[in-house]
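User: Please give me a close look at the strand pairing in this model. I would like one connected account that starts from a single pair and works outward to the surroundings.

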Amino acid sequence: MIDNVRLNENETAVIIIDQTKLPGAEEYLTLGTAEDLYDAVFELKVRGAPAIGICAGFGIYVLAKTIDTEDYEEFAAQFKKYKDYLNSSRPTAVNLSWALNRMESVVEKNRSLPVAQIKALLGKECRAIQEEDRQMCRAISEYGLSLIKDGDGILTHCNAGPLATSEYGTALGPLFLGKERGMEFHVFADETRPLLQGARLTSYELSRAGIDVTLICDNMASLVMKNGWIQACFVGCDRVAANGDAANKIGTSGVAILAKHYGIPFYVLGPSSTIDLSCKTGDDIVIELRSPDEIKKKFYEKPMAPEAVRCYNPAFDVTDHTLISGIVTEKGICRAPYTESLAAMFAR
């Protein structure tokens, strides 16, 4: 597996693999400042909801260690400034705010302790976030594997493999686990315009692991479904509303609509931390809008559209809960009605 997010030896910086350089080069970045961390998340150098959460946990710990005071109020105030700044880098991915809030709760619950001890507790907490993610990936992979059989064709969109998490991944996790157990799958990976996460990352991970993968343009998904080559769709998620509406990389909802038409089950796989019960429906999810240059210029030697033309570049869309066959988390597989099954999962 790829060691994509970790602390350096003296815990003064976060080390990440720069996903924007893959698959051409495996370059690692050292993030030691708030600006470095913000840029890494915003520029998608680290991406994938769980990986963003892990990076945020490590990052806020590294920044907390730089706060040079033993006064709790002063420390907490500076900590909150760092937290709010990092949290503003990607508004849709709930794992970012989830991890930062979790780290902040350590500060708030231990206000009676010396600041040095609070910093040590923050170090333990960020490691716990990563270890829990590893366990989560294994559990999701087990549940997801129960939905498919040896020889199945699986279509996936964007990237939800080891690069996006701490180990197996979420949407791709069952495929890696199945491969370890001698199963074979035929994976069709959407290229995922405009940032090509499927082409650059998913096909890289799967081929590296010896899993049969065929790269297709996003607009080819309908044809491969019609041909009978797809038995299930597996996608990740960045936020799931209480009613089961799921935000994921732009283009995901189109895949779900096609799957419904062809009678193919469509599954969303992600950690329970991506489920936001305070968000009633997908209409309440803030969708990040990104630079027009990602459509017109990125990955091209020269612009592929007139300079003056307007672009609409949402990073995510929301798949309606009625199109989702099941939501797979580390706690189990939830089915419709999701207002009941998701609430019950957290009640347990």
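Analyst:
**Strand pairing and its surroundings**

In strand 9, Ala247 is the bridge partner of Arg239. The model is a predicted one. The pair belongs to strand 8 (residues 239-241) and strand 9 (residues 246-249), which run antiparallel and are joined by two bridges. Four residues lie between the strands of this hairpin, and Gly244 there adopts a positive phi near 95 degrees.

Strand 9 has a further partner to consider. It pairs with strand 12 (residues 316-319) in the antiparallel sense, over four bridges. In this pairing Ala246 is found opposite Thr319 of strand 12. Strands of a sheet are held in pairs through backbone hydrogen bonds, whether parallel or antiparallel.

The next step is the seven-stranded sheet. This sheet is open, its strands follow the order 6-5-4-7-10-13-14, and the pairing is mixed. Strand 6 (212-216) and strand 14 (332-334) stand at the edges with a single partner strand each, so one side of each has no neighbour in the sheet. Direction ignored, neighbouring strands of this sheet are turned by 25 degrees against each other on average.

Within this order, three pairings can be followed from strand to strand. Strand 4 (residues 153-156) pairs with strand 5 (residues 186-190) over four bridges in the parallel sense, and Leu155 stands opposite Phe188 in strand 5. Strand 4 also runs parallel to strand 7, to which three bridges join it. Here the bridge partner of Leu155 is Cys233 in strand 7. Strand 7 in turn pairs with strand 10 (residues 266-269) in the parallel sense, again over three bridges, and Phe234 has Tyr267 of strand 10 as its bridge partner.

Which residues of strand 7 are buried on its two sides? Ala232 and Phe234 are buried on one side, and Cys233 and Val235 are buried on the other, which leaves both faces of strand 7 (residues 232-235) covered. In a regular strand, side chains alternate between the two faces of the sheet.

The loops that follow two strands of this sheet deserve attention. In the loop between strand 5 and helix 7 (197-208) lies Pro194, and a cis peptide bond with omega of about 0 degrees joins Arg193 to Pro194. The same loop, between strand 5 and helix 7, also holds Thr192. Thr192 is not a glycine, yet it has a positive phi of about 70 degrees. Its relative accessibility is 0%, under the 20% limit, and Thr192 therefore counts as buried. After strand 14, the loop leading to helix 11 (338-347) contains Pro337. Ala336 and Pro337 are likewise joined by a cis peptide bond, with omega of about 0 degrees.

A separate part of the account concerns the sheet with the order 1-2-3. Three strands form this open sheet, with antiparallel pairing. Strand 1 (5-7) and strand 3 (28-31) are its edge strands, each pairing on one side only. From one strand to the next, the twist averages 25 degrees. Strand 1 pairs with strand 2 (residues 14-17) in the antiparallel sense over three bridges, and Arg6 is placed opposite Ile15 in strand 2. Helix 1 packs on this sheet and touches strand 2 and strand 3; the direction of helix 1 makes about 140 degrees with that of strand 3.

Beyond helix 1, the loop between helix 1 (34-42) and helix 2 contains Leu44. Leu44 is not a glycine but has a positive phi of about 65 degrees. With a relative accessibility of 9%, under the 20% limit, Leu44 counts as buried.

This loop leads to helix 2, which has a helix for a neighbour. The axes of helix 2 (residues 49-65) and helix 4 (residues 94-109) come within 8 Å and cross at roughly 30 degrees. Because this angle is under 35 degrees, the two helices count as roughly parallel to each other. The crossing of helix 2 past helix 4 is right-handed. On the side of helix 2, the residues in contact include Ala49, Ile52, Gly53 and Tyr61, while those of helix 4 include Asn95, Leu96 and Met103. By class, this contact has ten nonpolar, three polar and no charged residues.

How values were computed: Residues are numbered from 1 along each chain as its sequence is written. This is a predicted model: local features need pLDDT of at least 70, side-chain atom pairs count only at pLDDT 80 or more; totals for chains, interfaces and linings use all residues. Side-chain values use heavy atoms; hydrogens and water are left out. Axes are lines fitted to C-alpha atoms, for helices over the stretch in contact, and angles run from 0 to 180 degrees between N-to-C directions. Angles under 35 degrees count as roughly parallel, over 145 as roughly antiparallel, 65 to 115 as roughly perpendicular and the rest as oblique. A crossing is left-handed if the near helix is turned anticlockwise from the far one by less than a right angle, and right-handed if clockwise. Contact means heavy atoms within 4.5 Å. Ala, Val, Leu, Ile, Met, Phe, Trp, Tyr, Cys and Pro count as nonpolar, Asp, Glu, Lys and Arg as charged, and the others, Gly among them, as polar. Two strands pair if DSSP finds at least two bridges between them. Buried means under 20% relative accessible area, exposed over 50%, partly exposed in between (1.4 Å probe, protein chains only).
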